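Colleague: I am new to this model and would like a close look at one part of it, please. Could you start with the charged side chains that pair up, and then show me what else lies along the chain?

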Amino acid sequence: MLFCDPTRAPDLAQLLGRYGIRLVTHPSGSPLPGSFWGEPEAGIIGLQLHVRPDTPVHSALHEACHLICMDATRRASVDTDAGGDDPEEAAVCLLQILLSDHLPGVGREALCADMDAWGYSFRLGSTADWLSEDSEDAAQWLRAHGLTDPNGGVRFRLRE
């Protein structure tokens, strides 16, 4: 499992900064504001993503992608519970995998393995299988909301 340790946090902060999301790092063992799943899982409050060194990278990316994928109205008041529907959730999962390729030392293969280890469940049994065989609806959702280009490249903008 990859974590938001001090060696990885600067790269994560830089990546999320492209979206205007501020990474807030907390010391080990401290409470994590905005954590829906409980510590050590990442928390969201407004455009802040809260992590500590034992927060899994997949959790940080997942919650950040909720902020990216939700509309501006929901994002303005979000605190802990990202909400959203099933199509948005699938888009969040795909976007976190796409963004993992922009984090040195992470990448989609490692992120998919961590997502499986955490317990993400997909119809095809694994995150990698879902990505390669069943994620087209999520890709269409991301394109429709302007978050990826026609080739699936990340556009580094928030949903409006």
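How many salt bridges does the structure hold?

Modeller: Happy to take you through it. Please keep in mind that this is a predicted model. The structure holds 7 salt bridges, and we can look at several of them in turn.

Let us begin with E88 and R159. These two residues form a salt bridge in which the closest N and O atoms are 3.5 Å apart. The pair joins distant parts of the chain: E88 sits in helix α4, R159 belongs to the segment after α7 (136-144), and 71 residues separate the two. Are E88 and R159 buried or exposed? E88 has a relative accessibility of 2%, so it counts as buried. R159 comes out at 16%, and because buried means under 20% relative accessible area, R159 counts as buried too.

Now turn to R8 and D5. Their side chains meet in a salt bridge, with 3.8 Å from N to O. R8 has a relative accessible area of 15% and is therefore buried. D5, at 23% relative accessibility, counts as partly exposed, because that class covers values between the 20% limit for buried and the 50% limit for exposed.

The next pair is R143 and E136. Here the side chains meet in a salt bridge at 2.7 Å, again from N to O. R143 is partly exposed, with a relative accessible area of 30%. E136 falls in the partly exposed class as well, at 43% relative accessibility.

Salt bridges can also join up into a group. E39, R52 and D54 are linked in a network of them. One member of that network, E39, takes us to a feature of the backbone: the peptide bond from E39 to P40 is cis, with omega near 10°. P40 lies in the loop between β1 (22-25) and β2 (43-45).

That loop brings us to the strands. β1 pairs with strand β3 (residues 48-51) in the parallel sense, over 4 bridges. On this side you can find T25, which stands opposite V51 in β3. β2 also pairs with β3, here in the antiparallel sense and over 3 bridges. In that pairing, G43 has H50 of β3 as its bridge partner. β2 and β3 make a hairpin with 2 residues between the strands, and in this hairpin G46 takes a positive phi near 60°.

While we are on backbone angles, two other residues deserve a look. T80 is not a glycine, yet its phi is positive, at about 80°. You will find T80 in the loop between α3 (72-77) and α4. With 24% relative accessibility, T80 counts as partly exposed. The other is F156, again a residue other than glycine with a positive phi, near 55°. F156 belongs to the segment after α7, which is also where R159 from the E88 salt bridge is found. F156 has a relative accessible area of 16%, so it is buried.

Helix α4 has already come up as the home of E88, and it has a part in the largest pocket as well. The volume of this pocket is about 570 Å³. It is lined by 26 residues, of which H62, E89, A90, C93 and Y120 are the closest to its centre. Which helices each supply at least two residues of the lining? They are α2 (57-69) and α4 (86-100). Sorted by class, the lining has 10 nonpolar, 8 polar and 8 charged residues.

One last stop gives a sense of distance across the model. Q14 lies in helix α1 (residues 9-17) and is exposed, with a relative accessible area of 59%. Between the C-alpha atoms of Q14 and L124 there are 33 Å, and these residues are 110 apart along the chain.

To come back to your starting point: of the 7 salt bridges, the one from E88 to R159 links distant parts of the chain, while others belong to the network of E39, R52 and D54.

How values were computed. Residues numbered from 1 in each chain as written. Predicted model: local features only at pLDDT ≥ 70, side-chain atom pairs only at ≥ 80, totals over all residues. Heavy atoms only, no water. 1 Å grid on protein atoms, 1.4 Å probe; cavity = no way out; pocket = protein on both sides within 12 Å on 5 of 7 lines; lining within 4 Å. Points joined across faces, edges and corners; volume = space filled by probe spheres on them. Nonpolar A, V, L, I, M, F, W, Y, C, P; charged D, E, K, R; others polar. Salt bridge = Lys/Arg side-chain N within 4 Å of Asp/Glu carboxyl O. Buried < 20%, exposed > 50% of the residue type's maximum accessible area, 1.4 Å probe, protein only. Pairing = 2+ DSSP bridges.
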